[in-house]
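Biologist: I'm new to this one, so could you walk me through how its labels are earned? Let's put it on the screen first.

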Amino acid sequence: MTSTQTGGLSSGGDIFSRFHLKNFSGRLTNRSLIGVLGWCLMLMLLGIDSVSAAEAADMANIEPDKQQPALAAFLIVVCSVFIPWMLNYVSPGVRTMGTLLASLSCFTIVAWFVFTLSTGVIDNPKPAVIPTDAAKPLLMWTLASVALVAGCFLLLLSVRQSRRRDSLALPLRNENARYGKISRYLHWTTALLFLSLIPMGIFTTMIPEDASFRLNYYIVHKTIGVTVFCLVLIRLWWNFLSRRPALDPSLSRWERRLAHGVHIALYGLMLGFPLTGFVMTTFHGYPTFFFLWEVPVLWSQNPNAVLIWGVVHKVILPYVFFVIIGGHILGALKHQFIDKHEGAFKRIVS
Ligand code: HEM
């Protein structure tokens with residue numbers, strides 16, 4: 001391991017020496033980092049603002065425009081690519097900034113939730129069609145609370161991380177015991193986009209039919225959904241080119257089977273969500289959006305098929321996901337903190 005930073009952690013040092021940013025291998029200066037950070041913040045705020053700007057345009061009876069929701073989707077994708085790149089950067093200072101930005105993203109979800117409260121949709125959603133619809137306001141509050149807790153956790157983590165001095169020399173390809181850069185970028189970008197789609201999808205289904213901003217949410221949701229689908233295909237292809245690291249040898253037989261099953265289920269969900277969303281949308285007679293492009297409706301409408309595919313996309317997959325992701329996170333925490341397998345997180349996180 002090589003060390004890429006100079007300057008230590010002095011009690012009277014400024015934030016930059018504290019975050020070990022004095023020497024960024026000559027590639028990023030402190031000033032440019034402030035620029036990057038400011039830019040990211042601006043992107044996130046713009047992402048929210050562009051939806052409300054589109055809403056304003058709609059209210060003025062301007063033909064619904066695909067440009068603003070496509071821009072909002074683009075900004076969300078840019079942030080989801082940028083954060084994993086920072087999280088896996090060689091210098092510890094940049095990795096700390098990445099964690100800080102990840103925490104900021106969680107707070108942005110909370111801010112977005114507060115914004116949605118102001119629209120009145122959470123209190124007066126579209127009338128419930130199926131029993132699980134009634135649980136949506138509570139589900140939104142729960143997801144916003146989880147985002148708040150995750151944001152605080154990541155903030156604390158970034159403070160702890162700021163004391164680290166070790167460089168992260170990662171190869172592009174996977175190694176026997178840990179993932180390489182490409183797998184990590186794909187993993188975290190897909191995860192961030194996927195996680196953003198859950199509250200967004202639930203909120204979208206709550207928006208009353210006559211709300212001016214409804215279409216914007218559908219465009220953003222479908223665009224990011226298709227992006228996730230493409231990323232998962234790339235990831236499967238990459239797994240084929242660069243073998244994934246073997247499971248931790250300290251796992252017992254049943255733990256290995258469970259971990260293997262959970263991985264397969266997560267891939268199934270990441271492919272199943274966009275595929276069922278696309279099929280449901282098409283049977284409805286609506287187009288699928290990918291940024292400014294519109295995928296034409298490929299077959300004729302069928303209300304019965306909408307119902308079947310809708311139940312899979314809107315009920316079965318989300319609840320299966322909540323159970324599996326809960327198990328996945330609890331398993332990783334048990335592995336790290338109860339079994340004390342120090343390397344558990346390090347295989348995919350710094
Ligand atoms: C990884 C990708 C995706 C995830 C995680 C996801 C997740 C969700 C979730 C959680 C909901 C809310 C369900 C509810 O509470 O009723 C939803 C709704 C919806 N999704 Fe997706 N989705 C994805 C991709 C797609 C794609 C690619 C499309 C279409 C091309 C799509 C179309 C829709 C539509 C139209 C709704 C709303 C249906 C309604 O208004 O009743 N989704 N999605």
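**Why the labels fit**

Modeller: Let's start with Tyr-89, which is buried, as 24 other C-beta atoms lie within 10 Å. Keep in mind that this is a predicted model.

Biologist: What makes Tyr-89 count as buried?

Modeller: The cut-off for buried is 20 or more other C-beta atoms within 10 Å. Tyr-89 has 24, so it is buried.

Biologist: Where is Tyr-89, and which residues does it touch beyond its neighbours within four places in sequence?

Modeller: Tyr-89 is in the loop between α3 (67-87) and α4 (92-119). Leaving those neighbours aside, Tyr-89 is in contact with Val-94, Arg-95 and Gly-98. Also, Tyr-89 and Lys-181 are 92 residues apart in sequence but 9.1 Å apart in space, from C-alpha to C-alpha.

Biologist: And why is Phe-291 called partly exposed?

Modeller: Partly exposed is what falls between the two limits, 12 or fewer for exposed and 20 or more for buried. Phe-291 has 19 C-beta neighbours inside 10 Å, so it counts as partly exposed. Its place is the loop between β1 (288-290) and β2 (293-295). Phi of Phe-291 is near 50°, a positive value in a residue other than glycine.

Biologist: How much of the protein counts as buried?

Modeller: Of its 350 residues, 29% do. The protein has nine helices and two strands, and along the sequence they follow the pattern α-α-α-α-α-α-α-α-β-β-α.

Biologist: Now the helix pairs. What do you use to describe two packed helices?

Modeller: The angle between their axes and the distance between the axes. For α3 and α7 (residues 214-241), the axes come within 8 Å and cross at roughly 40°.

Biologist: What are α3 and α7 called at that angle, and why?

Modeller: Angles under 35 degrees count as roughly parallel, and 65 to 115 as roughly perpendicular. Roughly 40° fits neither range, so α3 and α7 are oblique to each other. The crossing of α3 and α7 is right-handed. Residues making the contact include Ala-70, Ala-73 and Ile-76 of α3, with Ile-219, Val-220 and Thr-223 of α7. By class, that contact has nine nonpolar, four polar and no charged residues.

Biologist: How do you know what to call α7 and α8 (residues 253-284)?

Modeller: Their axes come within 9 Å and cross at roughly 140°. Roughly antiparallel needs over 145 degrees, and roughly perpendicular stops at 115. Roughly 140° lies in neither range, so α7 and α8 are oblique to each other. The crossing of α7 and α8 is left-handed. Among the residues making this contact are Gly-225 and Phe-229 of α7, and Phe-273 and Gly-277 of α8. The residues of the contact divide into nine nonpolar, two polar and no charged.

Biologist: Which residues come nearest to the ligand?

Modeller: Of the 22 residues around it, Gly-201, Gly-225, Phe-273, Gly-277 and Lys-314 come nearest. At least two residues of the shell come from each of α6 (181-206), α7, α8 and α9 (303-338).

Biologist: Which helix supplies the largest share of the shell, and how does the shell divide by class?

Modeller: The largest share, seven residues, is from α6. By class, the shell has eleven nonpolar, nine polar and two charged residues.

Methods:
Residues numbered from 1 in each chain as written. Predicted model: local features only at pLDDT ≥ 70, side-chain atom pairs only at ≥ 80, totals over all residues. Axes fitted to C-alpha atoms, helices over the stretch in contact; angles between N-to-C directions. Left-handed = near helix turned anticlockwise from the far one by under 90°. Contact = placed C-beta atoms within 7 Å. Nonpolar A, V, L, I, M, F, W, Y, C, P; charged D, E, K, R; others polar. Near = placed C-beta within 6 Å.
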